[in-house]
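Trainee: May we go through the charged pairs of this structure together?
Mentor: Certainly; please begin once the structure is displayed.

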Amino acid sequence: MERNYMANTEAEAEVDTDTADHRAQPEHEGLAFHRWYNVPCDELLAAVHQDVVVIEGDVSVELACETLIKNGISSAPVWDKDRSVYTGMFDYRDVVAFVLIGLSKDRPLSDSAPKEIQELVRLARSNQPVPAKLAADISQKNPFYSVLPQTHLLQLAELFAGSVHRVAVVEDSNLRGIISQSTVISYLYKHIEKSPDVQTVFARSIKELGLGTKTIIAVDAQTTVLEALKVMAKNDVSSLAILSASGGIVASMSMSDIKWVMRSLNFNLLWQTCIHFVGFIDSEQGIMDGRDKLPVFDVLETSSLGYAVGKMIATRSHRVWVTEKTGGPPVSVVTLTDVFKIITPTESAD
């Protein structure tokens with residue numbers, strides 16, 4: 001089957017051609033087109049061939065972060081062997097929270113804070129190793145949700161349309177895998193021809209669908225990395241746009257970029273400017289093909305939703321910035337949560 005992004009501009013057409021065709025196909029006779037939200041979790045896990053990574057609760061935050069980096073993942077469950085339970089999910093938001101706590105030694109901690117948080121702060125501010133089980137979900141944005149293997153994707157989609165980004169699939173205390181927003185969207189995108197209802201939605205433009213949050217969280221290119229992290233934490237977002245002096249998007253920075261600081265514990269990077277930092281990341285990644293090296297995270301408001309989703313998958317991002325014209329300032333942002341809100345049925349059909 002021919003694959004394309006349904007690009008709206010010549011520049012967009014250059015991004016990638018190995019993507020799904022989101023034009024609505026004629027209704028197929030019989031049951032060849034299944035309803036994606038009736039797919040059980042175990043079927044999805046079988047299709048993605050996932051290796052389960054678990055972080056031991058007693059390892060340090062630094063080693064836990066190293067586990068994420070080595071496995072190329074953004075989150076992993078933390079197992080507390082003493083209590084025989086998963087204490088939570090550990091992700092880069094937790095790493096950022098940990099770093100900010102360590103750098104705010106003069107800031108008093110409320111006596112009403114949970115004892116685990118008080119212990120974490122005490123250890124971090126005294127430069128002692130902090131176990132991952134204390135840091136799991138200190139950002140309070142990545143709790144440990146679990147479902148059974150036979151759970152249908154509809155239940156997950158309803159969670160993903162809210163504040164949940166990933167769930168664990170557990171059977172008889174055995175962790176079968178982790179399903180995230182990206183896992184489901186990538187699966188759906190790859191098998192889009194089986195979901196004509198979603199094809200129809202994906203073929204419509206972002207502007208037509210009225211998608212996107214109008215509140216833009218951004219910093220200028222000369223802002224320090226540390227200040228950018230603080231802005232993300234304060235505004236409860238996992239990424240922000242980096243703007244040029246004219247207001248155009250030059251790059252995007254996310255909390256997961258903290259891994260480049262943690263890789264070699266090079267905390268001096270926190271005081272570099274954002275534009276210098278993304279240049280450093282690009283250099284470390286070794287992209288030397290002579291083209292623009294910084295990934296493009298923006299789309300036009302006239303772009304199809306399918307194109308925007310394809311870009312999020314290609315860049316392994318959870319959001320794209322939306323502009324009225326190429327090189328213009330962002331006017332809104334579309335996230336995977338927004339995508340789930342619009343494709344998740346209010347009630348399933350038989």
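Trainee: What is the N to O distance in the salt bridge of Lys230 and Glu227?
Mentor: This is a predicted model, in which local features need pLDDT of at least 70 and side-chain atom pairs count only at pLDDT 80 or more, while totals for chains, interfaces and linings use all residues. Residues are numbered from 1 along each chain as its sequence is written, and side-chain values use heavy atoms, leaving out hydrogens and water. A salt bridge requires a side-chain nitrogen of Lys or Arg within 4 Å of a carboxyl oxygen of Asp or Glu. Lys230 and Glu227 meet in one, with an N to O distance of 3.7 Å.

Trainee: Why are Lys230 and Glu227 separated by about one helical turn?
Mentor: An α-helix has 3.6 residues a turn, so residues three or four places apart point the same way. Both residues lie in helix α11 (helices being DSSP runs of H or I, at least four residues, and strands runs of E, at least two, numbered from the N terminus). They are about one turn apart because their spacing in α11 is 3 residues.

Trainee: Which residue forms a salt bridge with Arg93, and is Arg93 buried or exposed?
Mentor: The partner is Asp236, with the closest N and O atoms 3.7 Å apart. Arg93 lies in helix α4 and Asp236 in the loop between α11 and β8, so the pair ties together parts 143 residues apart in sequence. Buried means under 20% relative accessible area, exposed over 50% and partly exposed in between, with a 1.4 Å probe and protein chains only. At 14% relative accessibility, Arg93, the salt-bridge partner of Asp236, counts as buried.
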